[in-house]
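User: I am new to this structure and would like a close look at its interior. Could you take me through the empty space inside it and the packing around that space, explaining each term as you go?

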Amino acid sequence: MKRRTFRVEGAGRAVAEAVAGELGLPEAQARALVDVGAVYVGGKRCRDAKLRLTSGQVVAVVLEEGGTSSLAQAPEAPTFRVLHEDAEVLAVDKPAGLPAQPTEARVGGNLVDQVSRYLGREAGLVHRLDRETSGVTVFGKSARATSALAAEFREGRARKRYVAATGPGLPASGKVDLPLSKDPSRPGRWRASRAANGVPALTYFRTLYAGPEFCVVELLPHTGRTHQLRAHLTALGAPILGDARYGGAARAAGTEAARCLLHAHALELAHPDTGRTLSVEAPVPEDLLRFFTLVGVAVPSGAVPEK
């Protein structure tokens, strides 16, 4: 990431004017950086190019992210589909490739912004899926509902089922309780190891198919750590197909895995209004489903098991 930071000297200049002056940019380009959400004032994203700054404020500008300019034309983002909606809850199927929330460099082109536009107000984000992970994501439609849903995840009451295609070698079933910590030697990765001072993480799994080139697996995470399933499967020696960051193969049995083939298939949690169990399921996308079809394995259905 390429970022420039400066401290405001004097007061009264507008954000766009200050960014243009400090970075040597045309003011129109500085305004564009504000418009896409790449400018932060005092650590908070600023969307008002005319905001007057005060002396001593710190302004940060994200110029590039992932080697791409913040002002580069963003590709058209895939859109979600609604799985369940009532007065308090919206559950959607997040497509693979769609970020869950705005990146540091820009707003728009992410699930939170899309859902907020759909609702006509700010969506209550409860949990997040990785960019390449598809599947069930829930939002609260009020502050009370968002808080209640978040508590379901925080207190471990929400039951989640994921499915994935992985490398070969998984046992028939098992439990992984390796703590997770950031991998200092590989930025952006998490490692599952007892050797580091990591956060607790627990995953149960059931192998639906085990072959010489790949496995198809049902995953039941009891915690919701960053990259938990990806790191746990890698620790078992069977990284998810298409997961380049964790060493997953890009192809198996002549079938392409163009992205990390992980899908949040089902979610069960208490409805914030009625307290009754709300069950939501997202169909397995075609790129992952073809691995089920290839070996004649049925996608799991019904209630989410505890383990």
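Analyst: What follows takes the open space, then the enclosed space, then the packed interior.

This is a predicted model, in which local features need pLDDT of at least 70 and side-chain atom pairs count only at pLDDT 80 or more, while totals for chains, interfaces and linings use all residues. Residues are numbered from 1 along each chain as its sequence is written, and side-chain values use heavy atoms, with hydrogens and water left out.

Rolling a probe the size of a water molecule over the atoms shows where empty space is left. Here the search runs on a 1 Å grid over the protein atoms alone: a cavity is a set of points where a 1.4 Å probe fits but cannot get out, a pocket is an open set with protein on both sides within 12 Å along at least five of seven lines, and a lining residue has an atom within 4 Å of a point. Grid points are joined across faces, edges and corners, and a volume is the space filled by probe spheres set on the points.

The largest pocket holds about 1,500 Å³ of space. Its lining has 47 residues, and those nearest its centre are Arg128, Leu129, Asp130, Thr226 and His227. Sorted by class, the lining of this pocket comprises 18 nonpolar, 13 polar and 16 charged residues, where Ala, Val, Leu, Ile, Met, Phe, Trp, Tyr, Cys and Pro count as nonpolar, Asp, Glu, Lys and Arg as charged, and the others, Gly among them, as polar. At least two lining residues each come from α4 (143-154), β10 (159-166) and α5 (228-235); helices (H or I, at least four residues) and strands (E, at least two) are DSSP runs numbered from the N terminus.

His227 sits in the loop between β15 and α5. At a relative accessible area of 11%, His227 is buried, a term that means under 20%, with exposed meaning over 50% and partly exposed in between (1.4 Å probe, protein chains only). Most residues other than glycine have a negative phi, yet His227 has a positive phi of about 60 degrees.

As for enclosed space, the whole structure yields one cavity of 30 Å³ or more, and the largest cavity has a volume of about 60 Å³. Among the residues lining the largest cavity are His127, Leu129, Val136, Phe153 and Leu267. Strand β18 (262-270) gives the largest share of that lining, four residues, and by class the lining has seven nonpolar, two polar and two charged residues.

His127 belongs to the loop between β8 (124-125) and β9 (134-140), and it counts as buried because its relative accessibility is 13%. Setting aside neighbours within four places in sequence, His127 is in contact (heavy atoms within 4.5 Å) with Val136, Thr137, Val138 and Phe153. His127 and Thr137, ten residues apart in sequence, have C-alpha atoms 7.0 Å apart.

In soluble globular proteins, nonpolar side chains tend to be buried together. A nonpolar core is a set of buried Ala, Val, Leu, Ile, Met, Phe, Trp, Tyr and Cys residues joined through side-chain atoms within 4.5 Å. The largest one has 29 residues, and those with the most contacts inside it are Leu219, Leu241, Leu261, Leu262 and Phe291. Its contributors of at least two residues each are β10, β15 (215-221), α5, β18 and α6 (286-294). Apart from this core lies another, of 24 residues, including Phe6, Ala38, Val39 and Val62. Returning to Leu261, and not counting residues up to four places away in sequence, its contacts include Val163, Ile240, Leu241 and Phe291.

Strand β15 deserves a last look. Seven of its seven residues are buried, with Cys215, Val217, Leu219 and Pro221 on one side and Val216, Glu218 and Leu220 on the other. Two strands pair if DSSP finds at least two bridges between them. Strand β15 runs antiparallel to β10, with five bridges joining the two, and Val216 is the bridge partner of Ala165. Strand β14 (residues 203-210) is also antiparallel to β15, through seven bridges, and a hairpin of four residues connects β14 to β15. Across this pairing, Phe205 stands opposite Leu219 and Ala210 stands opposite Cys215. Strand β14 in turn pairs with β11 (residues 173-176) in the antiparallel sense over four bridges, where Lys175 stands opposite Tyr204.
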